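Subject: Structure handover

Hello,

Please find the structure below, followed by notes on what was found in it.

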Amino acid sequence: MQSKALTVDDYINELPSDRKEVIQKLRKAINDNLPKGFQESMGYGMMGYCVPHSIYPNGYHCNPKDPLPFMGMASQKNFVAFYHMGIYADKNLHDWFVAEYTKRCKYKLDMGKSCVRFKKFDDIPYDLIAELTQKISVEDWINTYESALKR
């Protein structure tokens, strides 16, 4: 479900109360741990975090007018989705996240390439999301992104 909200606050305000609480907790875990340079914004109908054009003027290769995306979250019909491009791009980070998730959560990990789907709101590992957020700097993400483009 894509939102037409123009700001993150507008996006959060349009959510049902149970989803609003989850998204606000995820947002806090991320914002409290976000490396310098990433910017919170709306994109692709969800709230997210990107590398702004002021740091990476080339933007996203699919549409250079868009800033380089990194993380996002969205309230979907049956779950809250958390997207992290670093998990998709870095096998070591992916493997670390999967191992840590199984240690910290009682429910099975529901994950795509970069998307973690949370259906059980009482078992969201906010501390793990906070730790994951700290693991990649803007410079690291740009280097990973550019090296993937050159393959």
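The notes cover conventions, the sheet, the helices that pack on it, and one loop residue.

This is a predicted model, in which local features need pLDDT of at least 70 and side-chain atom pairs count only at pLDDT 80 or more, while totals for chains, interfaces and linings use all residues. Residues are numbered from 1 along each chain as its sequence is written, and side-chain values use heavy atoms, with hydrogens and water left out. Helices (H or I, at least four residues) and strands (E, at least two) are DSSP runs, numbered from the N terminus.

Sheet

Five strands make an open, antiparallel sheet in the order 1-2-3-4-5; two strands pair if DSSP finds at least two bridges between them. Strand 1 and strand 5 (115-118) are the edges, each pairing on one side only. From one strand to the next the twist averages 25°. Strand 4 and strand 5 are joined by four bridges in the antiparallel sense, and tyrosine 83 has cysteine 115 of strand 5 as its bridge partner.

Helices

Helix 2 lies across strand 1, strand 2, strand 3 and strand 4, at about 155° to strand 3. Axes here are lines fitted to C-alpha atoms, for helices over the stretch in contact, and angles run from 0 to 180 degrees between N-to-C directions. Helix 6 (residues 138-149) also packs on the sheet, where it touches strand 2 and strand 3; contact means heavy atoms within 4.5 Å. The direction of helix 6 makes about 105° with that of strand 3.

The buried residues of helix 2 (under 20% relative accessible area, 1.4 Å probe, protein chains only) are Arg19, Val22, Ile23, Leu26, Arg27, Ala29 and Ile30. They lie on the same side of helix 2 because their arc around the axis is only 165°, taken from the directions from the helix axis to the C-beta atoms. Ser17 and Lys28, both exposed (over 50%), are on the face turned away from the buried side.

The axes of helix 2 and helix 5 come within 8 Å and cross at roughly 35°. Val22, Lys25, Leu26, Ala29 and Ile30 of helix 2 make the contact with Tyr126, Ile129, Ala130 and Thr133 of helix 5.

Loop residue

Tyrosine 44 sits in the loop between strand 1 (39-43) and strand 2 (46-51). Its phi is near 60°, a positive value in a residue other than glycine. Most residues other than glycine have a negative phi. Tyrosine 44 is partly exposed, at 44% relative accessible area (the class between buried and exposed, 20% to 50%).

Regards
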